[in-house]
Amino acid sequence: MDPENVVIVENLGGAECELRYLEVWDGLYAPIGLRRPDREGRVPIVLLASGNGGGGMPWVRDACANRGHIMDRLVEAGYACAWLRYRTEVELGYNLGGPLIRDQRQGRELFNRSPLEYEDEISVIEKVKTLPFVDPERVGLVGMSHGGEMVLKIASEYHGARVAVAAEPAAHEYLALTPDDTAFVNQETQLRNIESMIMTDVDKVRARIDHETAAERIQGIQTPILVMGRESDELQGIFRLSYELLEAAGKDVDWVSYDHPMHGYIYPVRGPDGEYRVDETQRRSIDTIVDYLRRHFAE
C-alpha cells in the first residue's frame, strides 16, 4: 500500500467499495467510499453528502453498506459515485467567519480561519478530478438536508461542478434566516437548537431572511441545480424559497417535491431483512435525480 495514496477495497453491502483518504486544504484527510462502473475510460462521478459532518470512515463504511441503493442506481447509469464525509458543522461559521483567505508563511500555507465543512467538499471535488478513471469535466453533487445547504454554499463560490442536486436543503444559514420562537438557545452551550424549528410557509420564511445577503450569495451561482422538497417537512418553506430565489435571480434551477414520511427519502436504507426498502415515491425521486444528472452530463 502506498502510504500517500491509501486505497482499501472492501465488500460492503454486496458491492466492492474503494475506501480512500483525501487530503483537504489544511492538510487533514477526509474519508470517502467510492464505487465505479466496470467500463474502460473516464466516467462522470457523483459525490453524495448527507447532513452534518463527523463520523469519519466508520460513517462512510456504514453508508456504503446500508445506504448503497443510490450508489447501485448511479453505477447502473454508468457513473462513479462516492459517499463522502467532512468536518463537523460550525454554528454560524459561514455567516460569521467571512471568506477563507489563503496566504503563505515560511513556504507553507497560512489561513485566516479554519476551513469549514463545505470547503472540505470542494477539496474532495478537486482531488477526485485527478483520479485516472474520472472525467474531471463531469462532476455532480447530491446533497441532502445540511448537505443540500452545502450544495448552495459550494455553488456560490466554486464553479468546478457540472451539476448539483440540493435535496431538502436546510438553507437557514445560507439565506441568513432569523429563527422564530420555535428555535431556542441551549443555555449550557449557548448554541442554537433549531431541531424543532417550524418553517413550512414560504411567506413566513421570506419575511425572516436577510434578502440582501441571500441575493449576494445566490448571484455567484453558475451550476445548474435541482432543488427537491418534501411536502410534510417542517422546513418545506425554506426548501421552496431557496428555489424561488434562485429562479428570480435567473439561475439554471429546477424544482420538484415529493410527499414522503422519511427525511432523506432519496437515500433508501437497508431493512432488518438485509433488503433495501424502496417505495414508488423513492423510485420516482431517484429516477428524477438520475435523469437530471444524465441531461447535464450530456451537455
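Show the accessible surface first: the protein's total is about 13700 Å², and 46% of it belongs to carbon and sulfur atoms. Such areas come from the Shrake-Rupley method with a 1.4 Å probe, and for residues only the protein chains shown count as cover. You are looking at a predicted model, where local features need pLDDT of at least 70 and side-chain atom pairs count only at pLDDT 80 or more, while totals for chains, interfaces and linings use all residues. Residues are numbered from 1 along each chain as its sequence is written, and side-chain values use heavy atoms, leaving out hydrogens and water.

**The whole fold**

Switch to a cartoon, and nine helices and 13 strands appear; helices (H or I, at least four residues) and strands (E, at least two) are DSSP runs, numbered from the N terminus. The radius of gyration is 19 Å, close to the 19 Å that the globule rule gives for 299 residues, so the protein is as compact as a globular protein of that length. That radius is taken over C-alpha atoms, and the rule is 2.2 Å times the number of residues to the power 0.38. Along the principal axes, the C-alpha trace spans about 60 × 50 × 45 Å.

Colour by burial next: 53% of the 299 residues are buried (under 20% relative accessible area, with exposed over 50% and partly exposed in between; 1.4 Å probe, protein chains only). If you draw contacts (heavy atoms within 4.5 Å), 70% of those between residues at least 6 apart in sequence join residues at least 24 apart.

**The sheet**

Now select the strands of the open, nine-stranded sheet, which has mixed pairing and the order β1-β2-β3-β5-β4-β8-β9-β12-β13. Two strands pair if DSSP finds at least two bridges between them. At the edges stand β1 (7-12) and β13 (253-258), each with a single partner strand, so one side of each is left without a neighbour in the sheet. From one strand to the next, the twist averages 25°; axes are lines fitted to C-alpha atoms, for helices over the stretch in contact, and angles run from 0 to 180 degrees between N-to-C directions.

Add α1 to the selection: this helix packs on the sheet, touching β1, β2 (15-23), β3, β4 and β5, and its direction makes about 15° with that of β3.

Then move to the β13 edge. β12 (residues 225-230) and β13 pair in the parallel sense over six bridges, and Val227 has Trp255 of β13 as its bridge partner. Across β12 and β13 lies helix α8 (residues 236-248), running at about 160° to β13.

**Inside helix α2**

How many of the eight residues of helix α2 are buried? Select residues 69-76 and you will find that six are, so the helix is largely enclosed by the rest of the structure. They are His69, Ile70, Met71, Arg73, Leu74 and Val75. Their cover includes β3 (29-35), β4 (43-50), α1 (56-66), β5 (80-84) and α9 (280-297). Following α2 is Gly78, which has a positive phi, near 95°.

**Two buried stops**

Click on Ser123 in helix α4 (residues 117-128). Ser123 is buried at 2% relative accessible area, and, leaving aside neighbours within four places in sequence, is in contact with Glu23, Val24 and Trp25.

Gly148, in helix α5 (residues 146-157), is buried as well, with a relative accessible area of 0%. Not counting residues up to four places away in sequence, Gly148 touches Gly143, Ala166, Ala167 and Pro169. Try a distance label to Val227: the two are 79 residues apart in sequence and 8.5 Å apart in space, C-alpha to C-alpha.

**Aromatic rings**

Finally, show Phe, Tyr and Trp as sticks. Their rings (for Trp, the six-membered one) pair if the centres lie within 6.5 Å; planes under 30 degrees apart count as stacked, over 60 as edge-to-face and the rest as tilted. The count comes to seven aromatic pairs. Tyr94 and Tyr174 are stacked, at 6.3 Å centre to centre and 25° between the planes. Tyr94 lies in helix α3 (residues 93-97) and Tyr174 in the loop between β9 (163-167) and β10 (184-185), so the pair ties together parts 80 residues apart in sequence. Tyr94 is buried at 11%, and Tyr174 is buried at 0% relative accessibility.

Back at β13, Tyr243 and Trp255 form a tilted pair, 5.8 Å centre to centre with 35° between the planes. Tyr243 belongs to helix α8 and Trp255 to strand β13, 12 residues apart. Which of these is buried, and which partly exposed? Tyr243 is buried at 10% relative accessibility, whereas Trp255 is partly exposed at 23%.

For a last selection, take Trp59, Trp83 and Tyr267, a cluster linked by ring pairs.
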